Amino acid sequence: MARALIVVDVQNDFCEGGALAVTGGAAVAAGIGPLATAGRDGRVYDHVVATRDVHVDPGPHFSDTPDFVGSWPPHCRAGTPGASFHPALDVALIECVFDKGAYTSAYSGFEGASANESGTPLGDWLTERGVTEVDVVGLATDHCVRATALDASRLGLATTVLLHHCAGVAPETTERALAALTEAGVELRTA
């Protein structure tokens, strides 16, 4: 029974100064390293993984007139600094990175595949390592954190979102996301 930390999309474009900045993104990035090192409730993580939005040509996901629901300004373009992890995120403990969204919109880390040559989907990677519990942190609470946690729960993983290591885009959408997570049986922790 292994536990993993899933770090969701802590990238430059989602932090202050980025194309789709989330207020508090840099602070989230800085806080994840100590969590990954120390673990939670006196238990160190068996595995630490991260997801990245990396867009090549995602079609209608990018728009010059975005609706901020299904379409967004261009962000996290492959090969640009915006797609890179935020410099405050300590990447030393991250075992594997899962990229998503190259040619379409992708919100859940479970839509991604390992960035190395194997291209293993996140769910398969966790299963191969006997992971039964996940803690989810990152950006943004109301979009990719929500989608990743919901998919983890659907896969039967005991799923917890550590809210003090997340930041949301807007209060209204974050509130709706938290309600959906609670309804799905995802544990929400504030400390």
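1. What covers the buried residues of H3? In this predicted model, the cover includes the strands E1, E3, E5 and E6 (158-167) together with helix H4 (171-183). Ten of the 14 residues of H3 are buried, so this helix is largely enclosed by the rest of the structure. The buried residues are Thr 141, Asp 142, His 143, Cys 144, Val 145, Ala 147, Thr 148, Ala 149, Leu 150 and Ala 152, a list that contains Asp 142 and His 143 as well as Val 145 and Leu 150.

2. A newcomer may find it useful to place this helix within the whole chain. The protein has four helices and seven strands, and along the sequence these elements follow the pattern β-α-β-β-β-α-β-α-β-α-β. The radius of gyration is 15 Å, close to the 16 Å that the globule rule gives for 191 residues, so the protein is as compact as a globular protein of that length. Along its principal axes, the C-alpha trace spans about 45 × 40 × 30 Å.

3. Some totals for the protein can be set beside these dimensions. Buried residues account for 52% of the 191 residues, while the accessible surface comes to about 8,400 Å², with 55% of that surface belonging to carbon and sulfur atoms. Of the contacts between residues at least 6 apart in sequence, 71% join residues that are at least 24 apart. The protein carries 11 positive and 24 negative charges, and the mean positions of these two sets are 4 Å apart.

4. The strands form an open sheet of seven, in the order E4-E3-E2-E1-E5-E6-E7, and the pairing within this sheet is mixed. Its edges are strand E4 (113-114) and strand E7 (187-189), each of which pairs on one side only. As general background, strands of a sheet pair through backbone hydrogen bonds, either parallel or antiparallel.

5. Strand E1 (2-8) stands between E2 and E5 in the sheet order, and its pairing to both neighbours is parallel. Seven bridges connect E1 with E5, and in this pairing Ala 2 stands opposite Val 131 of E5. On the other side, five bridges join E1 to E2, where Val 7 has Ala 50 of E2 as its bridge partner.

6. Which residues of E1 point one way, and which the other way? Ala 2, Ala 4, Ile 6 and Val 8 point one way, whereas Arg 3, Leu 5 and Val 7 point the other way, and all of them are buried. In a regular strand the side chains alternate between the two faces of the sheet. The covering of E1 thus extends to seven of its seven residues, and Arg 3 is among those that are buried.

7. Strand E3 (residues 96-100) shows how the mixed pairing arises towards one edge of the sheet. With E2 (47-53) it pairs in the parallel sense over five bridges, and there Thr 51 has Phe 98 of E3 as its bridge partner. With the edge strand E4, by contrast, E3 pairs in the antiparallel sense over two bridges, and Asp 99 has Ala 113 of E4 as its bridge partner. E3 is mostly covered, since four of its five residues are buried.

8. Two residues other than glycine have a positive phi and deserve a look at the backbone. Asp 9, in the loop between strand E1 and helix H1 (25-38), has phi near 50 degrees, and Asp 9 is buried at a relative accessible area of 0%. Cys 76, in the loop between E2 and E3, has phi near 45 degrees, and Cys 76 also counts as buried, at 0% relative accessibility.

9. The backbone at both ends of H3 also merits inspection. Before the helix, a cis peptide bond joins Leu 139 and Ala 140, with omega about -15 degrees. Ala 140 lies in the loop between strand E5 (131-139) and helix H3 (141-154). Just after H3, Gly 156 takes a positive phi of about 90 degrees.

Methods: Residues are numbered from 1 along each chain as its sequence is written. This is a predicted model: local features need pLDDT of at least 70, side-chain atom pairs count only at pLDDT 80 or more; totals for chains, interfaces and linings use all residues. Side-chain values use heavy atoms; hydrogens and water are left out. The radius of gyration is taken over C-alpha atoms; the globule rule is 2.2 Å times the number of residues to the power 0.38. Buried means under 20% relative accessible area, exposed over 50%, partly exposed in between (1.4 Å probe, protein chains only). Contact means heavy atoms within 4.5 Å. Accessible areas come from the Shrake-Rupley method with a 1.4 Å probe; for residues, only the protein chains shown count as cover. Lys and Arg count as positive and Asp and Glu as negative; His and the chain ends are not counted. The place of a charge is taken as NZ of Lys, CZ of Arg, CG of Asp or CD of Glu. Two strands pair if DSSP finds at least two bridges between them.
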